[in-house]
Amino acid sequence: MPPRDLVWDGCLNVRDLGGFAVDGGETRFGSVVRADSVSQLTPAGWQALTDYGVRTVLDLRGDHEREEDPPRDLPVEVLHVPFMEANEQEWNEIAEELEAVAKQPRVADATRDAYLIFLERFRPNVGAAVKAVAHAPERGLVIHCVGGKDRTGLLTALLLYLAGVPVEEIARDYAVSEERLRPRHDKWLEAAESDAERERLERITQCPPEAIVEVFGELERRYGSVEDYLRAAGVTDEEMELARRRLR
């Protein structure tokens, strides 16, 4: 079995979604990979990416992030599907909601509720990202954003769920990002200008696996099933099956 952890020079958190045991079988290798920002890749990193068979990049960054780090002339097709995009007033409202849930003593509760805010507020964006994976060309695809933890974590969790991977296994995969991204997060913590800022960063850099388990449980409670959430996000049954087949 090929390794799931990959090394692309410039990225800290690259993992193939293949290899999970599902119904006695496995998810496919080389189909979908998650990574932190591929804009950090060195020439050797880009070579490793293309050598791996990746021909499509799904860029989850928002328009303002792309303005700060504009697209380059890349050797692969780039699909830009912002996972979270809102106007200033909407962001102010979201910020208030996030600030309220962040005060919870249990980090897993705060993470769960923050993710549910994202999944509800940006439901059409989530649906568009799943649809993009479903309709992407057959060769390998890499999903990336800026940090490589939350947006890629949520999207790959939904994709693995569609592929039939047990929720507990999905949650364990999500939790791996905390350690993989630690070198970058340590720099953030060192640069914090106050104890309060350092405490905030320590909380948001954590990846409690139970948060993902509870996110799926809450989507089932609200919508009846995760599939029904995706239908509400605009994903058709045919597109869910296309995404499922891509990973199986």
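Ala, Val, Leu, Ile, Met, Phe, Trp, Tyr, Cys and Pro count as nonpolar on this tour, Asp, Glu, Lys and Arg as charged, and the others, Gly among them, as polar. You are looking at a predicted model, in which local features need pLDDT of at least 70 and side-chain atom pairs count only at pLDDT 80 or more, while totals for chains, interfaces and linings use all residues. Residues are numbered from 1 along each chain as its sequence is written, and side-chain values use heavy atoms, with hydrogens and water left out.

**Stop 1: the largest pocket**

Start by selecting Leu 98, Phe 118, Asp 150, Arg 200 and Ile 204, the closest to the centre of the largest pocket among its 32 lining residues. A pocket is an open set of points on a 1 Å grid over the protein atoms alone, with protein on both sides within 12 Å along at least five of seven lines; lining residues have an atom within 4 Å of a point. The volume here is about 1000 Å³, counted as the space filled by probe spheres set on points joined across faces, edges and corners. By class, the lining has 16 nonpolar, seven polar and nine charged residues.

Now colour the helices α2 (63-68), α3 (88-102), α4 (107-121), α8 (182-191) and α9 (195-204), each of which supplies at least two residues of this lining. Helices are DSSP runs (H or I, at least four residues), numbered from the N terminus. The largest share, six residues, comes from α4.

**Stop 2: the cavities**

Next, look inside. The structure holds two cavities of 30 Å³ or more; a cavity is a set of grid points where a 1.4 Å probe fits but cannot get out. The largest has a volume of about 120 Å³. Select Asp 59, Arg 61, Pro 71, Arg 72 and Leu 74, the closest to its centre of the 14 residues that line the largest cavity. That lining divides into seven nonpolar, two polar and five charged residues.

For the second largest cavity, with about 50 Å³ of space, select Leu 119, Leu 154, Ala 157, Leu 158, Ile 212, Val 215, Phe 216 and Leu 219. What classes of residue make up the lining of the second largest cavity? There are eight nonpolar, no polar and no charged residues. Helix α10 gives the largest share, four residues.

**Stop 3: the nonpolar core**

Keep Phe 216 selected and add Leu 58, Ile 143 and Leu 155: of the 55 residues in the largest nonpolar core, these four touch the most other members. Such a core is a set of buried Ala, Val, Leu, Ile, Met, Phe, Trp, Tyr and Cys residues joined through side-chain atoms within 4.5 Å, and buried means under 20% relative accessible area (1.4 Å probe, protein chains only). Helix α6 gives the most to this core, with eight residues.

**Stop 4: Leu 160 and Asp 173**

Finish in helix α6 with Leu 160. This leucine is buried, with a relative accessible area of 0%. Beyond its neighbours within four places in sequence, Leu 160 is in contact (heavy atoms within 4.5 Å) with residues including Leu 17, Phe 20 and Asp 173. Follow that last contact to Asp 173, in helix α7 (residues 167-180). Is Asp 173 buried or exposed? Asp 173 is buried, with a relative accessible area of 4%. Leaving aside neighbours within four places in sequence, Asp 173 is in contact with Arg 4, Arg 15, Phe 20, Arg 34 and Leu 160.

Note on methods
Buried < 20%, exposed > 50% of the residue type's maximum accessible area, 1.4 Å probe, protein only.
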